[in-house]
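I opened this entry to keep track of what I looked up. My plan was to start with the fold and then turn to the DNA.

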Protein chains: 2
Amino acid sequence: MKSTARRLAVAKPPAQPAALSAGAPLRLESDYVLEQHIGHLLRRSHQRHVANFEKGLGVLDLTPTQFAALAKIGERGEVSQNLLGRQTAMDPATIQGVIQRLMARNLIERRSDPSDRRATLLRLTPAGLALAKNAIVKVEEVSQTTLAPLDARERAALALLLQKLSGLA
Amino acid sequence: MKSTARRLAVAKPPAQPAALSAGAPLRLESDYVLEQHIGHLLRRSHQRHVANFEKGLGVLDLTPTQFAALAKIGERGEVSQNLLGRQTAMDPATIQGVIQRLMARNLIERRSDPSDRRATLLRLTPAGLALAKNAIVKVEEVSQTTLAPLDARERAALALLLQKLSGLA
DNA sequence: CGAGAAACGTACGCATACAAACAAAGCCCC
DNA sequence: GGGGCTTTGTTTGTATGCGTACGTTTCTCG
């Protein structure tokens with residue numbers, strides 16, 4: 001078994017206590033290029049899409065995760081909270097907050113599962129259903145905006161590659 | 001000029017006040033498939049990479065953004081905070097928190113720009129430089145882990161597509 | 001020169017995102 | 001039948017990530 005669980009990588013400060021390093025700044029001699037790394041590219045691309053999303057949804061005022069939850073609930077009819085989390089790739093702590101905010105807006109409602117007293121079942125309210133329908137149209141437009149730099153062949157290729165990368169294929 | 005700045009999309013609850021909808025759950029009749037949408041794929045892929053990152057960095061205990069800031073500072077020698085933010089795709093509010101945490105760990109230090117009293121210049125401490133060097137090695141390994149599902153040709157294609165998508169190409 | 005615009009860093013609020021710890025309920029399997 | 005493991009949902013704490021507003025400083029341009 002592993003000995004220590006986790007150790008903070010705190011480095012003790014250098015010898016001279018107070019003064020800032022006086023001379024030329026320290027440089028990292030390396031051919032590392034942030035902009036070419038997969039992590040940075042994924043982050044930037046996702047960041048741009050989220051920006052498009054929030055702009056495109058406008059008065060509907062849904063975040064990507066809120067929309068995903070709403071759409072998934074509508075697709076399944078009724079789901080438990082943790083199952084919904086797994087199907088939208090959110091951990092229990094995250095989905096919990098999302099659910100709370102959707103409930104506060106009367107978009108979903110919950111009842112306890114009669115066959116499992118631990119679980120709560122989620123379903124759309126009429127308002128949630130109506131909002132989801134409107135949102136789907138907008139979300140399609142958002143996807144077009146995000147994908148605008150790519151042609152049809154590139155879009156298909158990208159989707160396939162990302163499915164492989166995320167373990168969905 | 002626009003009339004109202006922003007309106008909350010709150011829907012008034014349906015006629016019956018208290019009771020949950022009794023019958024069958026409302027369903028969203030739609031062929032919308034979350035798993036095929038670019039936003040979800042980007043989110044999942046990024047999510048998987050971040051998980052690899054945090055696992056792979058181990059005791060170095062750097063988040064992707066903290067590493068990006070550290071690497072960029074080391075590359076430039078000395079940068080102002082906002083410029084660093086632009087080069088790592090973080091807005092001023094976000095980079096501010098990252099800088100605070102790196103400073104609290106003695107990895108970077110700041111001085112006010114003598115030629116612009118608004119700006120603060122950031123540079124690596126010796127500890128920060130050492131940590132960054134170690135981190136770069138680990139980060140390369142993380143990238144390999146993330147990209148493991150793809151062969152060389154697919155990796156190159158993905159990088160190109162994401163560069164286009166994020167506006168870096 | 002001097003007023004308006006722009007840029008710098010900071011602060012607050014909200015929404016993901018996840019680790020860790022927890023109580024309650026259900027399941028497994030001897 | 002019952003002890004242990006798992007699952008469900010919650011809470012707390014930390015870290016992005018961005019909108020917005022703010023005070024200070026610098027720049028621009030008439």
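My notes on the sheet and on the surface around one DNA strand follow.

**Sheet.** I kept in mind that this is a predicted model. I looked up the strands of chain A first. Three of them form an open sheet, in the order S1-S3-S2, with antiparallel pairing. S1 (79–80) and S2 (108–112) of chain A stand at the edges with a single partner strand each, so one side of each has no neighbour in the sheet. I then checked how S2(A) pairs with S3 (residues 120–124) of chain A: antiparallel, over five bridges. A:Glu109 stands opposite A:Arg123 in S3(A).

**Helix on the sheet.** Next I looked at helix H4 (residues 92–104) of chain A. H4 lies across S2 and S3 of chain A and runs at about 115° to S2(A).

**DNA strand D.** Which residues come nearest to DNA strand D? Of the 24 around it, I noted A:Asn82, A:Arg118, B:Thr63, B:Thr65 and B:Arg101. Sugar and phosphate make up 74% of the strand D atoms that come within 4 Å of the protein.

I looked up three contacts with phosphate oxygens of DNA strand D. A polar backbone atom of A:Asn82 is 2.5 Å from one. A polar side-chain atom of B:Arg101 lies 2.7 Å from one. For A:Gln96, an N or O atom of the side chain is 3.2 Å away.

**Surface near strand D.** Which helix gives the most to this surface? I found H4(B), with four residues. Helices supplying at least two residues include H1 (38–57) of chain A and H2 (64–76) of chain B. By type, the surface residues divide into five nonpolar, 10 polar and nine charged.

Definitions and conventions
Residues numbered from 1 in each chain as written. Chains lettered and ligands numbered in written order. Predicted model: local features only at pLDDT ≥ 70, side-chain atom pairs only at ≥ 80, totals over all residues. Heavy atoms only, no water. Pairing = 2+ DSSP bridges. Contact = heavy atoms within 4.5 Å. Axes fitted to C-alpha atoms, helices over the stretch in contact; angles between N-to-C directions. Near = heavy atom within 4 Å. Polar contact = N/O pair within 3.5 Å; in protein donor to acceptor, adjacent residues only side chain to side chain. Nonpolar A, V, L, I, M, F, W, Y, C, P; charged D, E, K, R; others polar.
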